[in-house]
Amino acid sequence: MKHAIKSVILGISLILANGSVTYAQDSQKAKKAYETGDYAIALKEWRPLAEQGDADAQNALGEIYLFGNGVTEDYKEALKWFRLAAEQGNASAQINLGLMYSEGKGVTQDYKKAVKWYRLAAEQGNAEAQYTLGAMMERSSDGDRQVYKEAVRWLRLAAMQGNMSAQDSLGAIYYEGNANIPKDYKEALKWFRLVALTGDEYKQSKVGEMYRKGEGVTQDYGQALKWLNLAAKQGYEDAQITLGEMYRNGEGVTQDYNEALKWFRLVGGFSRAEAEYNLGEMYRKGEGVTQNYDQALNLFRSAAADDSVSRNADAQFALGEMYRTGEGVTQDYKAAAKWYGFSADGGNAEAQYNLGMMYRNGQGVTQDYEEAANFLGSAAARGNAEALNNLAEVYRLLAEKRNEYGYELGLMYRNGKGVKQDYKEALKWLRLAAEEEFSSADPQNALGEMYRKGEGVTQDFDEALTLFRSAAAQEDEDAQINLAEMYYNGEGVTQDYKEAVKWYRLAEVRSCCDAENALGTMYYDGKGVTQDYKEAVNLFSEAARNLNAEGQYHLGWMYYYGTGVTQDYDEAVNLFRLAADQGNSVAQCSLGEMYEKGEGVAKDNAQAVDLCRKAAEEGDEDAKALLRRLGAE
């Protein structure tokens, strides 16, 4: 009897074993047929397996119908097979189902359902799903810090498995930084290098640039040249241009004009204009070639052409210079103004300054002080000191004809920018501007600030309040904030937190970060409003989302203590670092303390000292105390 039972069991085992072998053989036959393009055989072999519940076969069948390989493309049929396989936990099918929901193929587009299926595959450790899920969450985070944090977590998991797209994305996130993640060149370089090691020319060039600039690593021209050469030899034009510039300027290498010319001449396509500009400069100056103005002009014109896809603002500026000074061409101010105009539109500060002066003097253009002020102002905003020095004179010429320009001139005298600081001159011009019917709010607010602080006048809170109220009635948010501060502090009025809240809210409606921070503090303290930590968090978050350093600091403090949010040292570190990178001394000190204690970061007294020194230089007493505690005062 026992022998008979054993025989039956053995028979069943043989049948099962034979079935498994046949099953595997059919699946392998189908796969080979699919790879060789024999879709009819693949379909014939896979269909019975799929109908018997084999998840891999079901997914394969879904792909056949999705792409229309050997059959009429049929999204609904594809969806049916993907769903059957996905519900069995097949990660590939879950990814395919996520794709169909995200692209609306055979179903109504539904990102939530797409995320659901990608997440199921990602949780099984599938790197492709982890990357796709992370990328989707990053794009749709819409300022939500927790969603963004989870997105980065998925990208990191995929990157650690070698997913190149995830590595590239992480590198870009850390290189650029944003409202949720502080810049971290060291972390960016780590991920970019992994992509570069696969032979990707874009990232080889990026790694080379980072070594060149010392971003996230000690500056190393040898490494820079190594990576740039790898990219350049694959035809990557940006790397070729960078190598050309390094050899032309002798940056990290022996100056070699012939080598520079070689790389510039190799460049074509979208980067052609930049290469032509550099070649033009070499012909203009006779660097490695016989000086040839005609050749330089031809190259500059080609690079600068206003119908060029990649027109070059530097080449346009060079043409403007040559026409203005008569270098290699007949002097022509009109042509100079034309090329300066193109370059100025491209953001070239020198072109903006020169064009501004040409409008100031009526050289090549009709004299126009307003245009002069516009171009000089743009150049000054980009740090051009000469533009700032000449701007005051132009504003004076305008203000003598139209009072409204007294505002800009008044501000320059008040702040000592472009002119010697002179409160009396500031008051004179601001008063004239404040008389204008349709542009009085800004000068009224500025005058109010001077009366509030006693700048050039006897301090007069009543006059300040009158001026602020007039400007605030015209929806000037700075005036609204000034009024709020005076009511908060009881300056010239009875202290009134509710009135302060009213004015802060009017400013906050227009997403004013100063108002958001002030209101957040009032909700935290329960001044003028019912104490509400969650509302404080919301307001600080809005300010932080707009890259406001004070908002980032306040929000970091809430995460540090777990007030209104779940305590999270990692998030506190991120926020303090974002604010510290903008020079916020309180955030620098707070981050230094976290390094001293090893909270959310590895304990690092050297880093703590470095951060606190920066804060102490700004007068932060807590930072000075921490330096004394660390013996590094």
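In which helix is the place of glutamate 281? In this predicted model, glutamate 281 belongs to helix H15, which covers residues 272–285.

**Glutamate 281 and its surroundings**

Glutamate 281 counts as buried because its relative accessibility is 6%, and the limit for a buried residue is under 20%. Leaving aside residues up to four places away in sequence, glutamate 281 touches Arg248, Phe300 and Ala318. Of these contacts, Phe300 appears again in the description of the nonpolar interior, to which the report now turns.

**Nonpolar cores**

The largest nonpolar core holds 152 residues. Within that core, the residues that touch the most other members are Phe300, Tyr395 and Tyr504. A second core lies apart from the largest one and has 39 residues, including Ala30, Ile64, Ala86 and Met100. For tyrosine 395, the contacts beyond four places in sequence are Ala373, Tyr405, Glu408, Leu409 and Met412.

**The two pockets**

The table sets out the volume of each pocket and the helix that gives the largest share of its lining.

| Pocket | Volume | Largest share of the lining |
|---|---|---|
| Largest pocket | About 460 Å³ | H8, six residues |
| Second largest pocket | About 240 Å³ | H33, four residues |

The space in the largest pocket amounts to about 460 Å³. Its lining consists of 19 residues, and those closest to the centre of the pocket are Arg156, Tyr174, Ile181, Asp570 and Asn574. Two helices, H8 (145–160) and H31 (569–581), each contribute at least two residues to this lining. Sorted by class, the lining of the largest pocket contains ten charged, six nonpolar and three polar residues.

Which helices each supply at least two residues of the lining of the second largest pocket? They are H31, H32 (585–597) and H33 (605–617). Helix H31 thus appears in the linings of both the largest pocket and the second largest pocket. The residues around the second largest pocket are Lys183, Arg577, Ala580, Asp581, Gln588, Leu591, Tyr595, Asp604, Gln607, Asp610, Leu611 and Lys614. By class, six of the residues lining the second largest pocket are charged, four are nonpolar and two are polar.

Key
Residues are numbered from 1 along each chain as its sequence is written. This is a predicted model: local features need pLDDT of at least 70, side-chain atom pairs count only at pLDDT 80 or more; totals for chains, interfaces and linings use all residues. Side-chain values use heavy atoms; hydrogens and water are left out. On a 1 Å grid over the protein atoms alone, a cavity is a set of points where a 1.4 Å probe fits but cannot get out, and a pocket is an open set with protein on both sides within 12 Å along at least five of seven lines; lining residues have an atom within 4 Å of a point. Grid points are joined across faces, edges and corners, and a volume is the space filled by probe spheres set on the points. Ala, Val, Leu, Ile, Met, Phe, Trp, Tyr, Cys and Pro count as nonpolar, Asp, Glu, Lys and Arg as charged, and the others, Gly among them, as polar. Buried means under 20% relative accessible area, exposed over 50%, partly exposed in between (1.4 Å probe, protein chains only). Contact means heavy atoms within 4.5 Å. A nonpolar core is a set of buried Ala, Val, Leu, Ile, Met, Phe, Trp, Tyr and Cys residues joined through side-chain atoms within 4.5 Å.
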